[in-house]
Amino acid sequence: MTTVRQRRVGKGTEAAEDQPSEEKNVKPDGKILSDHTGGKLWNILSITVGGIVAISLGLLTSVYVATLHENDLWFSNIKEVEREISFRTECGLYYSYYKQMIQAASIQQGLHGLVYDNKTESVRTINILERMNVYQEVFLSILYRILPIQQYLEPVYFYIYTLFGLQAVYVIALYVTSWLLSGTWLSGLLAACWYITNRVDTTRVEFTIPLRENWALPFFAVQIAAITYLLRTHLQPVQERLTLMAVFIATFLFSLTWQFNQFMMLIQALTLFILDCFDMLPTAKVTWLYSIQISGLLLVCVLQFFNSMILGSLLISFNTSVLIARTIQKNLKKGGLLQRLGKLILHVLLVLCLTLLINKFVKKILNLESDEHIFKFLKAKFGFGATRDFDANLYLCEEAFGLLPLNTFSRLSDTLLFYIYVFVLFLMAVAAVIVAFRNLSGSNQVQCMEKMEECTITLKPDAAYNLIHTVLFGCLALSTMRMKYLWTSHMCVFASFGLCSTEVWRLILKCIHLYTSQRTRVIKYSIPIITLLYISYKFWPGIMDELSELREFYDPDTVELMNWIKSNTPNTAVFAGSMQLLAGVKLCTGRTLTNHPHYEDKNLRERTKQIYQIYAKRSPEDVYRILRSFGTDYVILEDSICYERRHSRGCRLRDLLDIANGHIMDGLGENDPDLKPSLYPRFCEEIKKNLPSYTIHFTRVFQNKTFHVYKLAKHK
């Protein structure tokens, strides 16, 4: 529907911060003092240069994605309606609340309109702040109203520049995490360069600006950086308290800005649980992190008017269960290998049972069914039985919720990222297994096999956390393509850390009997620099070509539809249609909707399935009755859905509806034996024939190459 067309012309070496020198020479007192002072000055210089590079790269990334967005759409030159249409699907819905707050007579009236909203779902009044994560739009709109910038900056630019600015925060956080892990800012530089050169697989902010993940992931990256710092040893009490505060703030902001926060933090909690079980993290810090997750999510719950989906989240149940199980099993980390393994298995089973019990109990009390579609989807996705559930199949048939395509790895390999990531992951995983076994068995040394050389393999808590984090989020990305952005950005951090890590190169060189501190230092800096030179040589020309390519937004049919709606329908008119299109209708025209793309509500899901009967094999009387039950005045039919070819047979929207209704699907192919032929033809096709049985209920009032709008008769 919406397309884009071609535009018509109108080195140095720095010292690692926390790397103790390998050899200490005995020197006169004056010399020691002089070296100590020189080392401090060198560290200050290194931190200053590294900080400047981090900020510069963050700002450059913001400018880069902003320029791509402008070049792709010619955003500065197109009309306001075209700008709004460019916010596709749910992006348009979220942006509409920012626009609503800006246009309200006062901030108080704008907030009242959100808390008592009757235009997002017809014949219902809902609390937008409770149902959706739109506090960022509220905050930004208030900020725009109170700052003296209205005459210099349009509201839409204030909005998109804020999102592009958050990309700077994102890149800086990735840079800092890699720096903290490796001890050199060269690692952060490499992580940022990989993030930029792999932009197709690390972010989609330039074409899905208001998407919730574009708000949330920068705060998630800040949280990971803060956790990485927190897990360092020998922190001062003041440093620890400040870091915990940073973790809490980042966790809270991440939770506030994305409805899927609980699932991402559940994976993070599993990371902490695994490492704590194998005694690879300090228990006290793990407890603090569990508590921060719970308190951050509960604070968001309060702000979202006690959203029941948050209260019934698996994260709160899991974290609570872990803390209870710890209290019950006080001697979990004592005993020999077999005793520890036995206790560990019991601990895992206890936590699992408590989690399910608490979650079931909370959901029963709250009568919570908002997230049941997610569990139905997961059950069907992982092969626990086929389903005819419309909502589950709607997710299963979307490419974004399918497996990660194999061509992703070829793109990541072009920049050497994937090769280096796998290499580092393998080394760190082996080290983690050895350390975990040593912790469980109580032994403190591991023997290298060659020549019986003794070498101690260690894994710092911060590195251990990032290792399990990347493994679990990698599994998530492999199973669900939409979640790859959580993995690929961290992949940049993890690979660059390994390439610049003294510990990694020391381990490799010791195992092949080539270790010296000088050789380790040379490799630690030379290989990352060579990698950076290779990336620059290979990808700089492509980036320049990309920045010079000029195109423009082009979707005349949707523009014509929106202009017609604004000019020819009353402000109180209610529109029915596809979720994706109706989000644009609300944003561009302000008309009332029957349904929308924010799918985390059972009543809305049932309503959407009913509205979508316009694409099923139903009688005109049935469709009219359904639409009028939701107060519909106009229905919009899209040829791209009625005659869909994007999906294969069995995954087209009309097929999903046929299966859910018990009807045989169109076209050649197999059908389940219990499916029956429908008594009626497909509504969206038959209505265009203007038969009397249809015209008595529906009158066509608008038509172009893509859309057909019908007005519903108002029978007594």
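User: In this predicted model, why is Glu-398 called partly exposed?

Analyst: Glu-398 has a relative accessible area of 29%. Buried would need under 20% and exposed over 50%, so 29% falls in between and Glu-398 counts as partly exposed.

User: What makes Glu-398 and Arg-646 a salt bridge?

Analyst: Their closest N and O atoms are 3.6 Å apart. The cut-off is within 4 Å, so the pair qualifies. Glu-398 sits in the loop between α18 and α19, and Arg-646 in the loop between α29 and α30, so the bridge ties together parts 248 residues apart in sequence.

User: And why is Arg-646 called exposed?

Analyst: Arg-646 has 61% relative accessibility, and exposed means over 50%, so the label fits.

User: How do you know that Asp-117 has no salt bridge?

Analyst: The nearest side chain of opposite charge, Lys-586, is 4.9 Å away. A salt bridge has to be within 4 Å, so Asp-117 misses out. Asp-117 is buried, too, and its side chain reaches the backbone nitrogen of Lys-119 at 3.2 Å.

User: What about Glu-546 and Arg-199: why is one partly exposed and the other buried?

Analyst: Arg-199 has a relative accessible area of 10%, which is under 20%, so Arg-199 is buried. Glu-546 comes in at 25%, between the two cut-offs, so Glu-546 is partly exposed. The two side chains meet in a salt bridge at 2.2 Å, N to O.

Methods. Residues are numbered from 1 along each chain as its sequence is written. This is a predicted model: local features need pLDDT of at least 70, side-chain atom pairs count only at pLDDT 80 or more; totals for chains, interfaces and linings use all residues. Side-chain values use heavy atoms; hydrogens and water are left out. Buried means under 20% relative accessible area, exposed over 50%, partly exposed in between (1.4 Å probe, protein chains only). Lys and Arg count as positive and Asp and Glu as negative; His and the chain ends are not counted. A polar contact is a pair of N or O atoms within 3.5 Å; within protein, one must be able to donate a hydrogen and the other to accept it, and residues adjacent in sequence count only if both atoms are side-chain atoms. Helices (H or I, at least four residues) and strands (E, at least two) are DSSP runs, numbered from the N terminus.
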